[in-house]
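Student: Could you teach me how to read a helix and its surroundings in a model like the one below?

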Amino acid sequence: LDVEVFHPDMAPLSHLVFKYPNAKAVQTLFCQMMLERGYLDNGNFYATLAHTGSLLEEYEAAVREVFPALAGAVHGRRVEASLKGPVAHAGFARLTS
């Protein structure tokens, strides 16, 4: 996957940046796949003291399952077809349109 883990100034406040023309759809599919594994993950991460080592290991295992499947959808041009709902809105667009 062409993805960057980005943090402006603080690594504990990181997010994933998918580098594709349909990046929002890729991010939505990532969120959908993580939800199927019990994680509400929109690509943003805000570390807290509640994130124990075991929780992070479980999360990493889920990401290691999702990334190959997500890469398959991206390279097979099946991202939008794999979505079970609409592409996520950016910011507050759903409230202002």
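Student: What covers the buried residues of H2?

Tutor: Helices (H or I, at least four residues) and strands (E, at least two) are DSSP runs, numbered from the N terminus, and buried means under 20% relative accessible area, exposed over 50%, partly exposed in between (1.4 Å probe, protein chains only). Here the cover over the buried residues of H2 includes E2, H1 and helix H3 (79-82), and the buried residues themselves are Ala62, Val63, Val66, Leu70, Ala71, Ala73 and Val74. Keep in mind that this is a predicted model, in which local features need pLDDT of at least 70 and side-chain atom pairs count only at pLDDT 80 or more, while totals for chains, interfaces and linings use all residues. Residues are numbered from 1 along each chain as its sequence is written, and side-chain values use heavy atoms, with hydrogens and water left out.

Student: Why does the span of H2 agree with its number of residues?

Tutor: The expected span of a helix is 1.5 Å times one less than its number of residues. Because H2 has 23 residues at 1.5 Å a residue, it should span 33 Å, and its end C-alpha atoms are indeed 33 Å apart.

Student: Which elements give two or more residues to the largest nonpolar core?

Tutor: A nonpolar core is a set of buried Ala, Val, Leu, Ile, Met, Phe, Trp, Tyr and Cys residues joined through side-chain atoms within 4.5 Å. The largest one has 18 residues, and those touching the most other members are Phe18, Val26, Leu29, Phe30, Met34, Leu70 and Val79. Two or more residues come from each of strand E2 (13-18), helix H1 (23-35) and helix H2 (53-75), with H1 giving the largest share, seven residues.

Student: What is Val79 in contact with, apart from its neighbours within four places in sequence?

Tutor: Contact means heavy atoms within 4.5 Å, and with those neighbours set aside Val79 meets Asn22, Ala25, Val26, Leu29, Ala73 and Val74.

Student: Is Leu83 buried or exposed?

Tutor: Leu83 sits in the loop between H3 and helix H4 (93-96), and it counts as buried because its relative accessibility is 14%. Beyond neighbours within four places in sequence, Leu83 is in contact with Ala25, Thr28, Leu29 and Gln32.

Student: What phi does Arg77 take?

Tutor: Most residues other than glycine have a negative phi. Arg77, in the loop between H2 and H3, has a positive phi near 55°, and Arg77 is exposed, with a relative accessible area of 77%.
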